[in-house]
Amino acid sequence: MKKIYYVIVLFLCYSSVVGQNKYEVDFFIHDIDDTLLYISNYIGASQKIIDSIKVKKDGSFHWESEPLHKGMYMIKDEKQRDMFSFMLNDSKKFSIEIYNTSEAVVKNCSENDAYMLYQKENNIYQRAMYYYKLEAQANPDKQDSLYKALQPIMDNFDKFQQSFFKAYPNNFITVVSKSMIQNIPSYFIENGKVKQGMEQEYAYYYRKHYWDSFIFDDNRILYSPYFIKKFNSYISEVTPQVADSVCVALDDFINIALHKKGQEYADYVLLWYLYKLPQMPFSFNELVYKHIVTKYEKYLKSLITQSELDYHKDYLEKISKFLPGNIMPNIVAEDINGQIQSLYSQKHRFTVLYFFSSTCESCLKNIDILKELYRMNKEYYDFEIFSIDIEPDVEIAKARQRMDPYPWIVTYKDASLLREYGFILDHTPELYVLDKDKKIINKTPMYEHIEKTMDALMNKKRTLEN
């Protein structure tokens, strides 16, 4: 699956570079001893090394590359640590000379000349902010005087930004800055805060107008770290963390991107989700995955092969029976004493079905959270834990149980036998929260979500009763 994913990502990257000539760039970096440098690029959420360059006799580094997408690239040292970024745009042959004072001399590339100028001023500003925070934290009583000393630096940088945006309206920095702006009507704000009583209206407006300023017809932002930061904030912070809300937000983004000539952004997000979500086995994510595979099936046919699409449809069919709302099948297994235990024999308000392995480090790392929940709140929530150890070596599993016995039901079953029920257990831990009728409420590998799930259902029931 991973190999196919990289092919798709490469397709997205290089679909926009047809017709470009190769790049030739010389780098002169003062006061370094490295004889080898690396070049990496950004593609949405990932940054990966695409080339390496060796030092020449004159101390410079020469890089030649076949056509690449326009966007941000990073120079890394021999230990693959970030040194400085640069842009690939319209100029095909240029040079960049970097001094240890953050000064840069660029020849034959106006895009990078302006970009390096901005980075220099930004470094001065960021350094001042860093030391201000350090000193203010160490000397809280001097915070006002420290801020007063910082104010001229802030004012100068603000003036510099405004003049930069005006002088270089198409520079990458200008485009990114405009795309990150959020324009909020003044009637929402009072004394720098959202007016009391308008919180919900403000949140709705902010979410619906989140992409108003984003320049979708400039793909350079996709090939930088800035787009995915903005998108993650949109999905994880601005959007309520409920599967239905995330699906609506995703649909809104796709529609906006396509309407504003940002098909490459829409393509990337759909493919990113398509391959990311199956690796994150939460009910929340699986419901979003189902939405993408079903709603965007025709769209995906233009991005992936039919065999890949068939794979996702087949995988969706396998996990669908374990999505919230479905009844969990009755699992029967033996405990440490050889007694038969049945999931359906548990008569409680909630049952936590817990798949784990005695040799799974992730399971053992957080087991204390589960023990504490069971000890403190078993009676309050009226729940039982029905756990199934899928450790292949039963003797190891039984030895662990004798050494550290869990207070709940512990059974043992080979993972291959659980496939008869339809489970795809290629990782542990895996947790399902079931109601009294063994209907699935939630699925999560996070122990702390168990209590939140039970609380949510109990609160919902109280609300309906009132």
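This is a guided tour of a predicted model, moving from the whole chain to its cores, two helix pairs and a few single residues.

**The whole chain**

Begin with the entire protein chain in a cartoon view, where the secondary structure comes to 16 helices and 17 strands. Turned along its principal axes, the chain has C-alpha atoms that fill a box of roughly 80 × 55 × 45 Å. If you colour by accessibility, bear in mind that 46% of the 466 residues count as buried. Contacts across the sequence are worth keeping in mind as well: among contacts with a separation of 6 or more, 65% are between residues 24 or more positions apart.

**The nonpolar cores**

Next, select Phe27, Phe86, Phe227, Phe231 and Phe253, which are the residues with the most contacts inside the largest nonpolar core, a set of 88 residues. Then add helix H8, residues 263-276, which gives the most to this core, with 10 residues. For a separate place to visit, select Phe356, Leu373, Tyr381 and Ala397, which are included in a second core of 24 residues.

Return to Phe227 and display its surroundings, leaving aside residues up to four places away in sequence. Which residues does Phe227 touch? The list consists of Trp211, Phe214, Ile221, Leu222, Phe253, Tyr265, Tyr268 and Val269.

**Helix H6 against helix H8**

Now show helix H6, residues 226-238, together with H8; their axes come within 13 Å and cross at roughly 65°, and the crossing is right-handed. On the H6 side, select Phe227, Ile228, Phe231, Asn232 and Ile235, and on the H8 side select Tyr265, Tyr268, Val269, Trp272 and Tyr273, since these residues make the contact. Sorted by class, this contact has 9 nonpolar residues, 1 polar residue and no charged residues.

Stay with Tyr268, which is found in helix H8. Is Tyr268 buried or exposed? Its relative accessibility is 3%, and so Tyr268 counts as buried. To see how far this part of the chain reaches, draw a distance from Tyr268 to His209: the two are 59 residues apart along the chain, and their C-alpha atoms are separated by 21 Å.

**Helix H9 against helix H11**

For another helix pair, select H9, residues 283-295, and H11, residues 306-320, whose axes come within 10 Å and cross at roughly 140°. Because of that angle, H9 is oblique to H11, and the crossing of the two helices is left-handed. The residues to display are Glu286, Tyr289, Lys290, Val293 and Thr294 from H9, with His312, Lys313, Tyr315, Leu316 and Ile319 from H11, as these make the contact. By class, the contact of H9 with H11 has 5 nonpolar, 2 polar and 3 charged residues.

**Single residues in loops and a strand**

Move to Lys70, which you will find in the loop between strand S4 (61-65) and strand S5 (71-76). Lys70 has a relative accessible area of 29% and is therefore partly exposed. Draw a line from Lys70 to Ile221: although their positions lie 151 residues apart in sequence, counted as a separation, the two are 9.2 Å apart in space, C-alpha to C-alpha.

Then select Ser342, which is found in strand S12, residues 340-342. Ser342 counts as buried, because its relative accessibility is 18% and the cut-off for buried is under 20%. Leaving aside residues up to four places away in sequence, Ser342 touches Asn330, Ile331, Val332 and Phe386.

The last two stops are residues with a positive phi. Asn108, in the loop between strand S8 (104-107) and helix H2 (110-138), has a phi near 70°, a positive value in a residue other than glycine. Lys438, in the loop between strand S16 (430-435) and strand S17 (440-444), likewise is a residue other than glycine with a positive phi, here near 65°. Which of the two is buried, and which is exposed? Asn108 is exposed, with a relative accessible area of 63%, whereas Lys438 is buried, with a relative accessible area of 3%.

Methods:
Residues numbered from 1 in each chain as written. Predicted model: local features only at pLDDT ≥ 70, side-chain atom pairs only at ≥ 80, totals over all residues. Heavy atoms only, no water. Axes fitted to C-alpha atoms, helices over the stretch in contact; angles between N-to-C directions. Helix = DSSP H or I, 4+ residues; strand = E, 2+ residues; numbered from the N terminus. Parallel < 35°, antiparallel > 145°, perpendicular 65-115°, else oblique. Left-handed = near helix turned anticlockwise from the far one by under 90°. Contact = heavy atoms within 4.5 Å. Nonpolar A, V, L, I, M, F, W, Y, C, P; charged D, E, K, R; others polar. Core = buried A, V, L, I, M, F, W, Y, C linked by side-chain atoms within 4.5 Å. Buried < 20%, exposed > 50% of the residue type's maximum accessible area, 1.4 Å probe, protein only.
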